[in-house]
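Visitor: I'd like a close look at one pocket here, and then a walk through whatever else is worth seeing. What lines it, and what is there to see beyond it?

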Amino acid sequence: MRNTYATISIRTLQNNADSITHACKPGVKVCAVVKADAYGHGMLQVAQALAKHVDYFAVALVSEGCVLRANGVELPILVFAALDTQEIESAITHNLTLTASSVDKLVLICNVGQKLGILPKVHLKIDTGMGRIGVHWDRSEPLIQKAVEFSKNKMMICEGLYSHFSDSLDTNFTKVQAERFIRIVEYAKIQHLSPPLIHVCSSRSIFLYPEYHFTMVRPGIALYGIEPDYDSGILPKSIHPVLELKTKVVYFKVREQGEFIGYGRSYTITNMYERLVTIPIGYADGYPRRLSNKGKVLIHGKKYPVVGRICMDQTMVSLGDEGEAYLEDTVTLIGHEGNETIKVEDIARIVDTTPHEITTCISNRVPRIYT
């Protein structure tokens with residue numbers, strides 16, 4: 001067992017999923033997004049823990065869905081990505097639900113399904129303003145019509161219709177996107193296509209726009225108790241962080257005034273002397289190098305600054321001229337000790353990125369401990 005590790009609270013994770021369910025109207029399904037190794041929390045373990053707390057899973061890649069299936073996950077799994085031709089057969093044989101983001105993709109999916117003798121399950125993706133994948137909203141009628149044709153001919157099961165908000169904080173544009181999406185849903189109904197799963201809300205919009213929950217929501221970062229943005233403040237108090245990142249002191253030293261610390265001599269000792277410790281975590285573990293001379297850690301419930309440049313495998317911390325720490329003392333990089341807390345959002349704010357990046361970048365060489 002390595003002395004740098006992340007702890008994942010299963011009970012907190014399940015509580016967060018239940019809180020999201022309670023925030024929705026009765027009957028609205030919850031699709032837990034577990035792509036990117038469940039945002040760094042461990043895809044398989046998270047899926048197994050949530051199997052009785054959600055209705056659906058979503059992944060980005062066919063390979064992610066195949067791993068879940070190979071390990072006994074039975075809930076429906078939606079693959080978000082626009083698939084390459086060679087991936088479709090594997091997805092269908094593993095009973096994954098596919099995203100049809102264009103007429104061409106839908107034709108490919110159905111052709112492969114016919115070759116295999118399996119009816120593929122499909123969600124149609126509409127681009128209402130995100131500009132990523134999905135048929136453009138004002139050119140979506142041919143996709144709807146083709147889905148009607150293939151459904152009647154028993155070439156596929158059209159299970160869902162979905163979109164994605166590009167900026168939930170812009171209320172006006174969110175309403176524009178929602179109105180576009182609603183028009184497409186209504187057009188599909190006129191064409192006698194009524195997929196049971198209509199969804200557009202991800203973590204932030206689940207709480208900001210309950211009127212757009214439709215029949216399913218897709219929580220991602222909120223499941224893990226992390227705000228969608230470091231300054232958003234939209235999660236209810238019933239949702240808590242799932243992950244803590246910890247390491248241990250492996251070296252102690254004292255340096256005198258005028259001496260330098262780390263690559264590039266970016267930190268200079270200004271006190272008469274400073275006590276410093278080295279901890280065995282660096283940017284290869286996913287601890288951002290941009291925290292150099294900016295980040296803080298917790299030791300014995302007190303915050304101490306990261307000094308010098310963060311190395312690939314090691315980081316230095318100043319205890320000042322009075323702080324105390326001993327070999328093998330626990331150091332918290334994300335989490336709480338005593339009355340102090342360092343959140344994922346705090347780190348994201350310092351390095352000016354989304355909180356999603358912080359946890360998904362915690363590398364596989366950091367063991368996960370599930371409690």
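Guide: Let's start with the second largest pocket, whose lining divides into 5 nonpolar, 4 polar and 7 charged residues. Keep in mind as we go that this is a predicted model. There are 16 lining residues, and those nearest the pocket's centre are Gly 225, Glu 227, Pro 241, Lys 343 and Glu 345. Glu 227, Lys 343 and Glu 345 belong to the charged class, and each of them sits in that central group. As for room, the second largest pocket holds about 230 Å³ of space.

Now put the largest pocket beside it, at a volume of about 650 Å³. Its lining has 30 residues, with Lys 35, Tyr 39, Arg 132, His 164 and Ser 202 lying nearest the centre. Three elements each give two or more residues to that lining: α2 (35-40), α9 and α11 (355-360). Sorted by class, you get 14 nonpolar, 9 polar and 7 charged residues.

Besides the pockets, there is 1 cavity of 30 Å³ or more. About 40 Å³ of space lies in it. Its walls come from Leu 245, Asp 285, Gly 286, Tyr 287, Pro 288, Ile 334, Ile 347, Ile 358 and Ile 362. That makes 7 nonpolar, 1 polar and 1 charged residue: the charged one is Asp 285 and the polar one is Gly 286.

Asp 285 is a handy stepping stone, as it turns up again among the contacts of Met 312. Leaving out residues up to four places away in sequence, Met 312 touches Gly 282, Tyr 283, Ala 284, Asp 285 and Arg 365. You'll find Met 312 in the loop between β17 (302-307) and β18 (315-320). Its relative accessible area is 42%, so Met 312 counts as partly exposed. For a sense of span, look from Met 312 over to Leu 116: they are 196 residues apart along the chain, and their C-alpha atoms are separated by 48 Å.

Next, the rings. Searching the whole structure turns up 6 aromatic pairs. One of them joins Phe 165 and Tyr 212, with ring centres 6.0 Å apart and planes at 55°, so this pair is tilted. It bridges distant parts of the chain, 47 residues apart: Phe 165 is in the loop between β8 (157-162) and α8 (171-190), while Tyr 212 is in the loop between α9 (203-208) and β10 (216-218). Both partners fall under the 20% limit for buried: Phe 165 is at 5% relative accessibility, and Tyr 212 is at 10%.

Another pair, Phe 181 with Phe 214, is edge-to-face, at 5.5 Å centre to centre and 80° between the planes. This one also ties together distant stretches, 33 residues apart, with Phe 181 in helix α8 and Phe 214 in the loop between α9 and β10. Here the burial is split: Phe 181 is at 0% relative accessibility and counts as buried, whereas Phe 214, at 28%, is partly exposed. Going back to Phe 165 and Tyr 212, ring pairs link them with Tyr 209 into a cluster. There's also a charge over a ring elsewhere: the charged end of Arg 265 sits over Phe 260, 4.8 Å from the ring centre.

From Phe 181 you can step straight to His 199, since the two are in contact. His 199 belongs to strand β9 (residues 197-202). With 0% relative accessibility, it counts as buried. Setting aside neighbours within four places in sequence, its contacts are Leu 78, His 123, Leu 161, Tyr 162, Ser 163, Phe 181, Met 216 and Arg 218.

Finally, zoom out. The chain has 11 helices and 21 strands, and its C-alpha atoms fill a box of roughly 80 × 40 × 35 Å along the principal axes. Of its 371 residues, 52% count as buried. Among contacts with a separation of 6 or more, 66% are between residues 24 or more positions apart.

Technical notes:
Residues are numbered from 1 along each chain as its sequence is written. This is a predicted model: local features need pLDDT of at least 70, side-chain atom pairs count only at pLDDT 80 or more; totals for chains, interfaces and linings use all residues. Side-chain values use heavy atoms; hydrogens and water are left out. Rings of Phe, Tyr and Trp (its six-membered ring) pair if their centres lie within 6.5 Å; planes under 30 degrees apart count as stacked, over 60 as edge-to-face and the rest as tilted. Helices (H or I, at least four residues) and strands (E, at least two) are DSSP runs, numbered from the N terminus. Buried means under 20% relative accessible area, exposed over 50%, partly exposed in between (1.4 Å probe, protein chains only). A charge sits over a ring if NZ of Lys or CZ of Arg is within 6 Å of the ring centre and within 35 degrees of the ring normal. Contact means heavy atoms within 4.5 Å. On a 1 Å grid over the protein atoms alone, a cavity is a set of points where a 1.4 Å probe fits but cannot get out, and a pocket is an open set with protein on both sides within 12 Å along at least five of seven lines; lining residues have an atom within 4 Å of a point. Grid points are joined across faces, edges and corners, and a volume is the space filled by probe spheres set on the points.
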